[in-house]
Amino acid sequence: DGTKVEVIVNGKLNNKKERSLIDPIMVTYNSSCLTINFNVSLGHTDIIIENESGNMAYNSSTNVNEHDVLFIPIGNLPSGIYYITIICDGGSAEGEFRIER
């Protein structure tokens, strides 16, 4: 359908300085959904998506265990750049993605 989404997630979780061979958080997408795969247990976690203007497009709090998968609908979001922030007690990860419709 012409929708393109690119996600880059950066951040430090659990204050580790070395990089794991397995990314603790992997974000993939299709035209209607972001899929977040958690390869670590994070406990209480907030997930926030904002647009370029700082307006919140999505906000959720959940308890994350290792191997959890979270699906976030993005099919209703207009074209633009969005920022995703994943916050837990051990740190945070941030990413950016663009939707083109």
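Start by selecting strand E6, residues 69-73, and showing its side chains. They alternate along the strand: Leu70 and Ile72 point to one face and are buried, whereas Val69, Phe71 and Pro73 point to the other face and are not buried. Before you go on, please keep in mind that this is a predicted model.

**The whole chain**

Now zoom out and switch to a cartoon view. The chain has 8 strands and 0 helices, so there is a plain pattern to follow from the N terminus on: β-β-β-β-β-β-β-β. Colour by burial next, and you will find that buried residues make up 35% of the 101 residues. If you prefer a surface view, the chain exposes about 6,200 Å², and carbon and sulfur atoms supply 46% of that area.

How much of the contact list comes from residues 24 or more positions apart? Among the contacts with a separation of 6 or more, such residues account for 60%.

**The sheet around E6**

Go back to E6 and add strands E2 and E3 to the selection. Together they form an open sheet of 3 strands, in the order E2-E3-E6, with antiparallel pairing. Which strands stand at the edges? They are E2 (25-29) and E6; each has a single partner strand, so one side of each is left without a neighbour in the sheet. Look along the sheet and you can follow the turn between neighbouring strands, which is 20° on average, direction ignored.

Next, focus on the pairing of E3 with E6. Strand E3 covers residues 33-38 and pairs with E6 in the antiparallel sense over 5 bridges. Select Cys33 and look across: Pro73 in E6 stands opposite. Is Cys33 buried or exposed? Its relative accessible area is 14%, and that makes Cys33 buried.

**A look at the cysteines**

While Cys33 is selected, add Cys88 too. Cys88 is also buried, with a relative accessible area of 8%. How many disulfides does a search of the whole structure find? The search finds 0.

**The E7-E8 hairpin**

Now select residues 80-88 for strand E7 and residues 91-99 for strand E8. These two strands pair in the antiparallel sense over 9 bridges, and a hairpin joins E7 to E8 through 2 residues. For a landmark on this pairing, pick Ile87, which stands opposite Ser92 in E8.

Keep the hairpin on screen and show the rings of Tyr82 and Phe97. The structure holds 1 aromatic pair, and this is where to see it: the ring centres of Tyr82 and Phe97 are 5.5 Å apart and their planes are at 20°, so the pair is stacked (planes under 30 degrees apart count as such). Tyr82 lies in strand E7 and Phe97 in strand E8, so the pair ties together parts that are 15 residues apart in sequence. Both Tyr82 and Phe97 are buried.

**Two loop residues**

Move along to Asp89, in the loop between E7 and E8. Is Asp89 buried or exposed? With 76% relative accessibility, Asp89 counts as exposed. Try a distance between C-alpha atoms here: Asp89 and Asp46 are 9.8 Å apart in space, although 43 residues separate them in sequence.

For the second loop residue, select His67, which sits between E5 and E6. His67 has a positive phi of about 75° although it is not a glycine. At 60% relative accessibility, His67 counts as exposed.

**Last stop: Ser60**

Finish in strand E5, residues 56-64, by selecting Ser60. At 17% relative accessibility, Ser60 counts as buried, since the cut-off is under 20%. Which residues does Ser60 touch, not counting those up to four places away in sequence? They are Thr45, Asp46 and Ile47. Asp46 may look familiar from the previous stop, where its C-alpha was 9.8 Å from that of Asp89.

How values were computed. Residues are numbered from 1 along each chain as its sequence is written. This is a predicted model: local features need pLDDT of at least 70, side-chain atom pairs count only at pLDDT 80 or more; totals for chains, interfaces and linings use all residues. Side-chain values use heavy atoms; hydrogens and water are left out. Helices (H or I, at least four residues) and strands (E, at least two) are DSSP runs, numbered from the N terminus. Buried means under 20% relative accessible area, exposed over 50%, partly exposed in between (1.4 Å probe, protein chains only). Contact means heavy atoms within 4.5 Å. Accessible areas come from the Shrake-Rupley method with a 1.4 Å probe; for residues, only the protein chains shown count as cover. Two strands pair if DSSP finds at least two bridges between them. Rings of Phe, Tyr and Trp (its six-membered ring) pair if their centres lie within 6.5 Å; planes under 30 degrees apart count as stacked, over 60 as edge-to-face and the rest as tilted. A disulfide is a pair of cysteine sulfur atoms within 2.5 Å. Axes are lines fitted to C-alpha atoms, for helices over the stretch in contact, and angles run from 0 to 180 degrees between N-to-C directions.
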